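This report examines selected local features of a single structure. The text covers individual residues, cysteine pairing and the packing of two helices.

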Amino acid sequence: MSDPTGRNRLDEEESPYLRQHADNPVNWQPWDERALEAARERDVPIFLSIGYSACHWCHVMEDESFADEAVAEELNEGFVPIKVDREERPDVDSIYMTVCQLVTGRGGWPLSAWLTPEGKPFYVGTYFPKESRRGMPGFLDLLDRIRTAWETDRDEIESRAEEWTKAARNRLEETPATDAVESTGSADEAGASVRLTDAADAAVRAADRQHGGFGSGGPKFPQPTRLEALFRASDRTGRDVYLEVAAHALDEMIDGGLYDHVGGGFHRYCVDRDWTVPHFEKMLYDNAEIPRALLSGYQVTGDERYADVVRDTLEFLDRELTHPEGGFYSTLDAQSPDDDGESEEGAFYVWTPAEIRDVVDDETDAELFCARYDVTQSGNFEGRNQPNVDASVPELVDRFDLAEGEVRDRLETVRRAVFDAREERPRPKRDEKVLAGWNGLAIATAAEAAIVLRDDRYASRAVDALSFVRRRLWDEDASRLQRRYKDGDVAIDAYLEDYAFLARGAFACYEATGDVDHLAFAVELARVVVEEFWDANAETLYFTPESGESLVTRPQELTDQSTPSATGVAVETLLSLDPFAEDDFEGYADAVLSTHANAIRADPLEHVSLALATDRLHRGPLEVTAAAASLPPEWRDRFAETYLPDRLLARRPPTDDELSEWLDRLGLSRAPSIWAGREARDDEPTLYVCRARTCSPPAHDVDDALEWLDSAGASD
């Protein structure tokens, strides 16, 4: 075959990140068989560069090296250069990022890896400057050294590649030996030793009690799943420290620069310990998972600020990350053009006092806003300011001698003016690919917001996004999901996270709306999880489908990272769906948790989603069956204000005659126990509440049902 690496092929790709590199003089190839075969035919190493469109240092390395003719000549002559969008190919990213972390002790993007033509890594790193500086090797020198070593020390390189590939397989693919798995018993039996409080205690130990969040320095990441574990443990045990750590983290995150005080939504992370300066990209998954933690915090504490931030974040998603047909886009870039037209990180978001005064007529209003959000002459980010809450409203009342209501009104007036002025600035680029899994996260949060905030608009928004994904990415005939939609192009067999996150979102839509079609779709997705990702020999769920591309190892995703563990969400979703299906979803979940029980027990904080799933299996779900055409307003009020984190809101029609249509849609021959015999009584909406095979009497009054729950000790 002809060599395809004689030109840059990224102009054929739909990924905005790959297309950003289509004009580079580097002959970039996408990750495909043509590129891999070219490496084998030329017998040269692969240079693999992995990043994503909103990655700041990816842009820097492009500007310094990949746009440089001398670098391009070296790459093109001595290597097959392959560029991968980690958001499209998390499987490829997982393998080589794991190697980077094992070998160097750290990771990040851009990820730079050199591979044999068989895809086995032998040199890894992240960002490299073009020329050597501050102890970092220069990229040009590195290319020359690797090319020389490939020609003169091939045996050593091959040996290292085998060793590193084996290490990656041990970390990602292998499961404990069969006898070790059997020694743990079932995950249900191990539940008492893998406790929710183990994860919560580990979170408390890792907490920054001074500045909130986790870790003793910067950067600071949100870690919303850890917050969920703390809220659950606080509710279960009544221990104040769990609630203190979780609420402190949320308070610092929404007061600091992580949160966009002008336009809503969250940035990726903060570069410092005290949450002042963010890394400015905005990711869909952060703006799904952080609001989910805020909804829990709102129910537990009643703090209206948490609810307000959720509303503002969902408004941000509607305004800036929404496809016209309903799905959610992926990211907003960290960079945007400055006043001189040069691309600059954070340019869209930062302010000086003079810029605030320019958009506000009243000097006192400008001073009030600057005092509130710490907008100073010296600045907190390269001479300008990322707004942070620096003064409370009561402090401003005293300082400016104004009534509290007037302070709040004036601050909102200025915020709107600043927002309008910001809208005139050059905007950050938007990555408009729609990813199935990330949409599932946002769908689940919007549906839960409809319940907690008593606002059906959020349920409609969740259903719109779910409908978009089903229409564009779900093949009804084959019962298979694709991962990515972009401008009419559909590509990439979906991974475990896509099926698991989307199934969770579809189930949340059923809980919020009572539409059985969403439940049926969730069950369909769960069945594919078992068919494509379950391995009976290893008794685990792999990240890549059985029918998918074969890589140097088949990864699992057990730990929580920027998104929740795909395995953890899959297991918890299987447990949620088990009561509604004839499939033994609980059996698969139990087996996976049993396989990994020792790892969860050894480090519950790294495996917090799996720890939460283990807790759910051990306790059993809280089944709340509602036999009603629609939920009465007083029921909705109580569900909104009551924190029931492992609740299954099992809505069904009031009569069994109506239920028969639902059973047909689900392919069931008879009503599952969660619905069976649970009709509406006395022609009134009726609630049935069950935990651990113990059920309340039928109740028309939601307070009676929840009081039974308290008296039964089901929430202890």
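In this predicted model, F381 is found in the loop that runs between helix 16 (363-373) and helix 17 (393-400). F381 counts as buried because its relative accessibility is 11%, and the cut-off for that class is under 20%. Leaving aside residues up to four places away in sequence, F381 touches V277, F280, E345 and V350. With respect to G6, F381 stands 375 residues away in sequence, and the C-alpha to C-alpha separation of F381 and G6 in space is 43 Å.

A second loop residue can be described in similar terms. D646 is located between helix 27 (633-641) and strand 19 (647-652), in the loop that links these elements. D646 has a relative accessible area of 7% and is therefore buried. Its side chain makes a polar contact of 2.8 Å with the side chain of R691. R691 is also listed among the residues that D646 touches, together with R616, R619, G620, P621 and L622, when residues up to four places away in sequence are not counted.

The cysteines are considered next. The model contains 2 disulfides, and their pattern is 1-2, 3-4 when the bonded cysteines are counted along the chain. The distances and torsions of these bonds are set out below.

| Disulfide | Sulfur-sulfur distance | Torsion about the S-S bond | Handedness |
|---|---|---|---|
| C55 and C58 | 2.3 Å | about 80 degrees | right-handed |
| C690 and C695 | 2.0 Å | about 115 degrees | right-handed |

For the bond of C55 and C58, the sulfur atoms lie 2.3 Å apart, within the 2.5 Å that the assignment requires. Both partners are buried: C55 has a relative accessibility of 2%, and C58 has one of 3%. In the other pair, C690 is buried at a relative accessible area of 4%, whereas C695 is partly exposed at 38%.

Why do C100 and C270 not form a bond with the closest cysteine sulfur? For C100, the closest cysteine sulfur belongs to C58 and is 13 Å away, which is too far for a bond. For C270, the closest cysteine sulfur is that of C55, at 17 Å, and this is likewise too far for a bond. C100 is buried, with a relative accessible area of 1%, and C270 is buried as well, with a relative accessibility of 0%.

The final topic is helix packing. Two packed helices are described by the angle between their axes and the distance between the axes. For helix 23 (residues 566-577) and helix 24 (residues 585-595), the axes come within 8 Å and cross at roughly 150 degrees. An angle over 145 degrees counts as roughly antiparallel, and helix 23 and helix 24 are therefore roughly antiparallel to each other. The crossing of these two helices is left-handed. On the side of helix 23, the residues that take part in the contact are T567, V571, L574, L575 and L577. They meet F585, E586, Y588, A589, V592 and L593 of helix 24.

How values were computed:
Residues numbered from 1 in each chain as written. Predicted model: local features only at pLDDT ≥ 70, side-chain atom pairs only at ≥ 80, totals over all residues. Heavy atoms only, no water. Helix = DSSP H or I, 4+ residues; strand = E, 2+ residues; numbered from the N terminus. Buried < 20%, exposed > 50% of the residue type's maximum accessible area, 1.4 Å probe, protein only. Polar contact = N/O pair within 3.5 Å; in protein donor to acceptor, adjacent residues only side chain to side chain. Contact = heavy atoms within 4.5 Å. Axes fitted to C-alpha atoms, helices over the stretch in contact; angles between N-to-C directions. Parallel < 35°, antiparallel > 145°, perpendicular 65-115°, else oblique. Left-handed = near helix turned anticlockwise from the far one by under 90°.
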